[in-house]
Structure formats: structure tokens, C-alpha cells
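Trainee: Got a minute to go through the charged pairs in this one with me?
Mentor: Sure, pull it up and ask away.
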Amino acid sequence: METENNQPKESFWSRFFVNDIAIDLGTANTLVYVKGRGILINEPSIVAVRRSDQVIMAYGSHAKTMMGRTPGDLVTVRPLKDGVIADFDLAEKMIRHFIKKVQTNRFIRPRIAICIPSGITEVERRAVRDSAEHAGGREIHLVQEPMAAALGVKLPIDEPVGSMVIDIGGGTTEIAVISLSGIVTDISIRIGGDEMNEAVIQYFKKSYNLLIGENTAEAIKITMGSAAPHVSDDVKLVKGRDLVDGIPKTVKVHSKEIQEALAESVGYIVDAVKLCLERTPPELASDILDRGIVLTGGGALLKGLDERLRIDTELPIIVAEDPLKCVVLGTGRIFDNLNEFEKVLSPTKRY
Ligand code: ADP
Ligand code: MG
């Protein structure tokens with residue numbers, strides 16, 4: 001049974017028997033979906049660590065509130081950065097923490113499917129698999145991100161038609177054409193939401209001598225950023241620290257300025273999409289012309305990005321219904337028919 005937002009309804013017994021867990025291990029957000037119960041965890045992939053003894057003080061949302069505000073001994077770390085695992089140990093602890101949080105019965109060892117950024121190496125895959133195993137997983141399946149995204153938006157990936165998905169996450173943008181349960185063309189670039197935040201930070205530094213934090217930059221991007229050629233007339237006050245005299249100050253910015261700041265990152269994404277289309281075999285390209293391109297990931301929510309892609313590619317662009325959740329829901333769907341989806345799982349799933 002499915003509710004409005006594609007999430008299955010929680011059944012009474014599923015509270016006690018957690019059997020199938022799907023995890024979207026994103027560079028920005030980690031989501032955990034439990035079959036029969038829905039998405040139970042949706043938190044930033046951040047941990048706060050006490051430097052002196054490496055003890056983890058906070059995970060997820062709690063750790064994010066500490067970002068840029070920590071005293072000397074405490075640091076906030078993102079274990080995944082730029083689509084790769086930057087800190088193995090912390091990534092493992094974070095995965096285990098989130099799995100433990102959803103487990104209600106220690107005697108049942110769940111099946112776990114994890115969607116991993118496609119840029120991660122063989123060694124890193126192994127580390128993710130081991131972490132899930134240590135956390136009590138009975139069977140571990142690693143799923144390629146574009147496949148999970150496509151499954152999440154219910155594209156007919158096993159049919160002989162081309163489907164194109166663009167997943168814009170924190171660290172990377174992954175563009176893939178899928179047909180007959182395989183990835184035909186795939187481009188991954190290290191440009192995503194983080195790069196856009198950084199561009200906003202740099203813009204304020206250069207134009208106003210103002211230093212702003214990552215969370216502030218992200219909030220500005222979300223509320224004022226745009227990728228579309230048309231200009232909205234939003235003006236907001238932004239607070240930060242003056243680079244020259246070091247004291248807090250406020251500046252007034254126009255949304256057009258933020259649009260300019262994001263233009264380069266957006267340009268890279270558009271170019272990569274064009275390149276992927278160029279590399280797509282003609283039969284599949286004609287399918288995409290009919291069926292369009294689906295946008296997923298948090299970056300899909302950037303205002304005007306769909307319009308910009310529509311103008312530049314002249315193709316229909318569809319933003320997924322819930323772009324931040326479709327990867328984890330797609331990962332969860334592999335349990336519905338493991339045999340059928342065996343093909344879509346990462347080829348390195350057995351060791
Ligand atoms: P990942 O899969 O790497 O964890 P997500 O798909 O969760 O990434 O997307 C997170 C990124 O999306 C962040 O960089 C965040 O700033 C960005 N994001 C979220 N909402 C919006 C929005 N409304 N406009 C622009 N960017 C957004
Ligand atoms: Mg993602």
C-alpha cells in the first residue's frame with residue numbers, strides 16, 4: 001500500500017521485524033528507508049568529533065547545527081566529500097550509528113542495500129560493505145547511484161528504451177542513460193551543491209570583503225539562487241564578518257548577484273549533460289527526445305535549473321516528485337524483486 005508521497009504505510013508488525021534496510025549514503029545527506037516503515041532517517045552526512053580523543057560527539061542534524069560554531073577541540077567533519085569517502089573510520093561509524101538507530105530487534109539481521117556514489121574506489125566499496133556487515137547486515141547489496149535514482153522515479157529501466165537521469169548531489173552530478181537494466185552512457189563530474197555553496201562564499205569575499213559560513217552560503221543559494229536566464233527581484237540582507245576590520249557586518253544583495261555567482265557551476269552541469277547526450281547512441285537519443293530527462297538529487301531543486309536545461313538541450317525536463325528522497329526509495333525497491341534487480345546491482349557486490 002502506498003501513501004501520497006510514494007512511501008509505503010507502516011504496518012504494526014514491521015516495527016518489531018526490521019528485515020530490509022535501504023541506505024542512500026550521500027555526500028550531503030544520508031537517508032535510511034526501512035521496508036514496511038518508510039524513511040526513518042534523513043540527516044546530513046556530518047559528524048562532530050572531539051579532537052583530543054577522537055570521540056564522536058554528535059551525528060547528522062545535531063552535528064550540522066554545530067558547523068562553523070565549534071570551540072577549539074571540537075570539529076565537524078563530512079566523512080564523504082566530492083563523491084568519495086574522505087574519512088573511512090568516521091564514515092563507518094556514521095553508517096553503523098544510523099543502522100543501529102533503526103534496528104528494533106538485535107536478533108534479526110537485516111538485508112541491507114546501500115546506494116554509493118559511483119566515483120568511489122574498490123577499496124572504499126569494500127569499506128562500506130564491511131561497515132554494513134559489522135552493523136549486523138546479513139546480506140549486503142551495493143547499488144549504483146543512477147540506477148537507484150531511476151528506480152526511485154519508476155523509470156522503465158529494464159525495457160529496451162533509453163531513460164536519462166541527472167542526479168545532482170552535494171559533491172557530484174551524475175548523468176546516465178539507462179536501457180535494459182544497464183548504464184549505457186555515464187558521466188560524473190565533481191560539481192554539485194557544495195561547489196555552488198563555495199561559489200557563493202567566494203562571491204561575497206570578492207565583491208563585499210565579507211566572510212560567510214557554509215550554512216549561510218547554502219541558505220542563500222536555496223532562497224536566492226537561480227539558474228534560469230530570467231531575473232527575479234529579490235533583495236536580502238546577508239550577515240558575515242568583514243575581511244578587512246574583522247567585525248560583523250551586514251550587506252544587501254540582489255538575487256541577480258547570486259545567479260551570477262552560481263553561473264559557472266551551472267554551466268559545468270549543462271555542458272556535462274550535452275556531452276552525455278552526444279555520447280548517447282542515436283536510437284536511445286530518440287527515446288530521450290520523446291521521454292525527456294529526469295532530474296533528481298537536492299540540486300534539482302535549484303530554481304530555474306529545469307528551465308535552463310530545457311532551453312539548452314531543447315528536451316523535456318522533468319523534476320522528480322521528491323528529488324531528495326528518490327534515491328533511497330529506489331534503493332529500497334530492489335528488495336521487491338532481488339532476482340530481477342540482480343542485474344542493476346553493482347557488479348562488485350560479491351567478493
Ligand atoms: P547527496 O546525495 O550528495 O547527499 P542530496 O541529493 O541530498 O546530495 O542534495 C544535497 C544538495 O542539494 C546540497 O548541496 C543542498 O544544498 C542542495 N539543495 C537542497 N535543496 C536545494 C534547493 N532548494 N535549491 C538548491 N540546492 C538545494
Ligand atoms: Mg545522492
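Trainee: Is Arg-50 buried, partly exposed or exposed?
Mentor: Arg-50 is partly exposed, at 28% relative accessible area. Buried means under 20%, exposed over 50%, and partly exposed is in between (1.4 Å probe, protein chains only).
Trainee: Which residue does the Arg-50 side chain meet in a salt bridge?
Mentor: Asp-53, at 2.6 Å from N to O. By salt bridge I mean a side-chain nitrogen of Lys or Arg within 4 Å of a carboxyl oxygen of Asp or Glu. Asp-53 is partly exposed too, with a relative accessible area of 38%.
Trainee: Hang on, what kind of model is this, and what got counted?
Mentor: It's predicted: local features need pLDDT of at least 70 and side-chain atom pairs pLDDT 80 or more, while totals for chains, interfaces and linings use all residues. Side-chain values use heavy atoms, without hydrogens or water, and residues are numbered from 1 along each chain as its sequence is written.
Trainee: OK, how many salt bridges in the whole structure?
Mentor: The search finds 16. One of them links Arg-308 and Asp-312, with the closest N and O atoms 3.5 Å apart.
Trainee: Where do Arg-308 and Asp-312 lie?
Mentor: Both are in helix H9 (residues 305–313), four residues apart, about one turn of the helix. Helices here are DSSP runs of H or I, at least four residues, numbered from the N terminus.
Trainee: And what does Lys-325 pair with?
Mentor: Asp-322, with closest N and O atoms 3.7 Å apart. Elsewhere, salt bridges with shared partners join Arg-78, Asp-194 and Glu-214 into one network.

Methods:
Chains are lettered from A and ligands numbered from 1 in the order in which they are written. Helices (H or I, at least four residues) and strands (E, at least two) are DSSP runs, numbered from the N terminus.
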